[in-house]
Amino acid sequence: MTDMAYSRGRLGGMGALPAERPAGLAGEPPQAQAEAHPRAQASAHASAHVSAQASAHASAHVSARAAGYVQTLSSLLWLPQAGLIAWSVGGMARGAGLADAVAPAALVFGIGALRAALDGWAGRLAFRAARGKLSQLRHDAAAALAGRSPLDQARPASGLAASVLAEQAEAVVPLLARFQPVRIRVTIVPLAILLTVLAFSWVAALTLLIAGPIIPVFMALIGWRAKAASEEQMVEIGGMNAFLLDRLRGLATIRALGAVDMTAARLRAHAEGLRKRTMAVLRIAFLSSAVLELFAALGVAMVAVYVGFHLLGQLNFGAWSGRLTLAEGLFVLLIAPAFFEPLRELSSVWHDRASGEAALNALDGLRTTGVGLPGADAKASRVPAAARGGPSVVVENLAFAHAGAGRQVITDAALAIAPGEKVALTGRSGAGKSTLLALIAGLVAPESGQILIDGRALTGASAAELRTRMAWIGQRPHIFAGSLMSNITLGRDGLTATDLDKALAVAALRDVAAAHGAAPLGEGGIGLSGGEALRLALARAAADPRIDLILVDEPTAHLDAATAAMVTEGLIALSRGRTLVVATHDPRLMAQMDRTIDVEAQVLEALACV
Ligand SMILES: Nc1ncnc2c1ncn2[C@@H]1O[C@H](COP(=O)(O)OP(=O)(O)OP(=O)(O)O)[C@@H](O)[C@H]1O
């Protein structure tokens, strides 16, 4: 390859580096990161599970409906039970002995047992279906999050996403397992009871008909308010979680800046806001049950008053047969409360509907698309063999602007790196070095131009596969809570003890590994120095035999000279037989490279040519 210079290209942009690096760019090989991170895991498996999900979704829906119908049948079985009781009491009133009531009592008991069995079975069915559906919704949301580029500034805060996925999403289960079956029951059972009562007395049926519809009207009015209150509560919970997570991450900075009291005050204000919103939701829930109980009690009382006076001969109208018998009157009285029962249940699960729908909306919010990660939904079909000495990297006519930014940060850039070459990208802060590295890593798609890795174009179709041979190492590698070795293996199968020992040797990490043993490291690298954390990232890359292209973003920034020298040494050891591209301002690191591409000089040159 002759033209090894960074030619003609312009990496522009005056802006400062964002305060925080986007999540997912820190510290581990992109593919290893994909293997270790749940979001990325979800993405990697997304396509394989699409058909399984579709059928799981359909069967969840069918199961929920089936559970609703079975529970409806169980409720309707109260009709024969009430009939048997009323018939027996009527018989006894006419002089029949207790012995005549034994058979009906046994039947009532048998039907009761059947109802309990049906209810239990339907409950389990609905619950299983709801959990299946929730898993699928979580999977979709996680896959959508994993499909967004780490450079997407609009990605939801990780605290918010974790809160929605882990906590708020649970509200979907009561919605599906309790509310949906009750909704089916409420459309059938009251109507069946009403028609049965009507068969005996139009006055009793009219009383139910008047009392019944008032309840749904009030419920709907209260429900609108409940949904809004529930949504406000969810927003508050999400906001508080995001706030808490951010502040926990920045605890050291908060202490250093003496902002502990201010942070505590803001946390208190958040907690107070959450308390108020929760109380508002509870108030509405209590109000809705009070309204329902009132109308249900009034309806049943009026039917009882009518039947009582009718049997006493005071109200001689309203029965088709002229006069209800004791058994008929008792039957109407027994089944009248069952008319309100599904409505009462609807009221008790009404809050489930409000919070469940708010949770569905929150999950939907996570599924909104932003700047996509190229190849997020494609699975690496084959693992490419590591090229001897690492791949070549060729950048042609590359142009890129960050989402929402008014101008291109990279304009018409061209670059050619030979297999196994060690190249430093330098230039002023904000010139676009990190962005160029992210483009080469396939973490974001360019607007135009192309990138060839070992002669193969980096596209949405090839990105996932090409990323398996790349490692990305940033300034602050992400350390998971776990032992030092598990942080190197990242759950990858097939790593032998020799592979791991070689990786430790490359990163000069043997002593640190021996000192830590199996002791767990804290999340974020508590227990390791900055230099050790960086060398751990080098070991991660060294442990993966597929990796032959190392992309490193300012590894020695913020390190003292001695630690920076150790990291540089580790990088050089890691780059043996691999291609290395480092964005850096460190002259000592640059001195170790085969070639330095001064991005800034290129810009000035390009501007001078204009
Ligand atoms: N995710 C992002 N969304 C929007 N703009 C971004 C994003 N990341 C970087 N930028 C902007 O793009 C420009 C180039 O940033 P980049 O981080 O690539 O520069 P850099 O040369 O690596 O700087 P430094 O040497 O300080 O690390 C800057 O103006 C920056 O503000």
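A residue counts as buried if 20 or more other C-beta atoms lie within 10 Å of its own, as exposed if 12 or fewer do, and as partly exposed in between. Keep that rule at hand for the exercises below, and remember that the model is predicted.

**Exercise 1. Two sides of a helix**

Task: Work out which residues of helix 14 are buried and how they are placed around its axis.

Solution:
- Step 1. Find helix 14 at residues 497–506; its buried residues are A503, L504 and V506.
- Step 2. Look down the axis. These residues lie on the same side of helix 14, because they cover an arc of only 160 degrees.
- Step 3. Turn to the other side of helix 14, where A497 and T498 are exposed.
- Step 4. See what covers the buried residues: the cover includes helix 13 (484–489), helix 15 (510–516), helix 16 (530–542) and helix 17.
- Step 5. Follow the chain onward from helix 14 to A508, whose phi is positive, near 50 degrees.

**Exercise 2. Sorting three residues**

Task: Decide whether V260, L490 and H558 are buried, partly exposed or exposed.

Solution:
- Step 1. Start with V260, in helix 9 (residues 260–311). V260 has 12 C-beta neighbours inside 10 Å, so it counts as exposed. Not counting residues up to four places away in sequence, V260 touches I254 and R255. The C-alpha atoms of V260 and R247 are 9.9 Å apart, with their positions 13 residues apart along the chain.
- Step 2. Go on to L490, in the loop between helix 13 and helix 14. L490 has 21 C-beta neighbours inside 10 Å and therefore counts as buried. Its phi is near 50 degrees, a positive value in a residue other than glycine.
- Step 3. Finish with H558, in the loop between strand 10 and helix 17. With 13 other C-beta atoms within 10 Å, H558 is partly exposed. H558 is not a glycine either, yet its phi is positive, about 70 degrees.

**Exercise 3. Reading a parallel sheet**

Task: Establish the strand order of the open five-stranded sheet and find a helix that packs on it.

Solution:
- Step 1. Write down the order, 7-10-11-4-12, with parallel pairing.
- Step 2. Mark the edges. Strand 7 (470–473) and strand 12 (595–598) each pair on one side only.
- Step 3. Note the turn between neighbouring strands of this sheet: 15 degrees on average, direction ignored.
- Step 4. Zoom in on one pair. Strand 4 (residues 422–426) and strand 11 (residues 579–583) run parallel and are joined by four bridges; A424 stands opposite V582 in strand 11.
- Step 5. Add helix 17 (residues 561–575), which packs on the sheet and touches strand 4, strand 10 (549–553) and strand 11. The direction of helix 17 makes about 160 degrees with that of strand 10.

**Exercise 4. Following antiparallel strands**

Task: Trace the pairings of strand 5 with strand 2 and with strand 6.

Solution:
- Step 1. Recall that strands of a sheet pair through backbone hydrogen bonds, either parallel or antiparallel.
- Step 2. Take strand 2 (residues 393–400) and strand 5 (residues 448–453): they run antiparallel, joined by five bridges. Here V394 stands opposite L452.
- Step 3. Move to strand 6 (residues 456–457), which pairs with strand 5 over two bridges, again in the antiparallel sense. The bridge partner of L452 in strand 6 is A457.
- Step 4. Inspect the hairpin of strand 5 and strand 6. Two residues sit between the strands, and D454 takes a positive phi near 55 degrees.

**Exercise 5. From core to whole chain**

Task: Describe the largest nonpolar core and set it beside the totals for the chain.

Solution:
- Step 1. Count the core: 143 residues, and among those with the most contacts inside it are V332, L536 and V581.
- Step 2. Ask which helix gives the most to this core; helix 10 (residues 326–366) does, with 18 residues.
- Step 3. Inspect L536. Leaving aside neighbours within four places in sequence, its contacts include P477, I479, L484 and L528.
- Step 4. Step back to the protein chain, which has 19 helices and 12 strands. Of its 610 residues, 43% are buried.
- Step 5. Compare with the record: an unreviewed UniProt entry lists residues 206–224 and 284–308 as "transmembrane region". Residues 206–224 are 100% helix, with end C-alpha atoms 29 Å apart; residues 284–308 are also 100% helix, with end C-alpha atoms 36 Å apart.

Definitions and conventions. Residues numbered from 1 in each chain as written. Predicted model: local features only at pLDDT ≥ 70, side-chain atom pairs only at ≥ 80, totals over all residues. UniProt positions renumbered as here; feature names shortened; annotations may be inferred. Pairing = 2+ DSSP bridges. Axes fitted to C-alpha atoms, helices over the stretch in contact; angles between N-to-C directions. Contact = placed C-beta atoms within 7 Å. Core = buried A, V, L, I, M, F, W, Y, C linked by C-beta atoms within 7 Å. Arc of directions from axis to C-beta.
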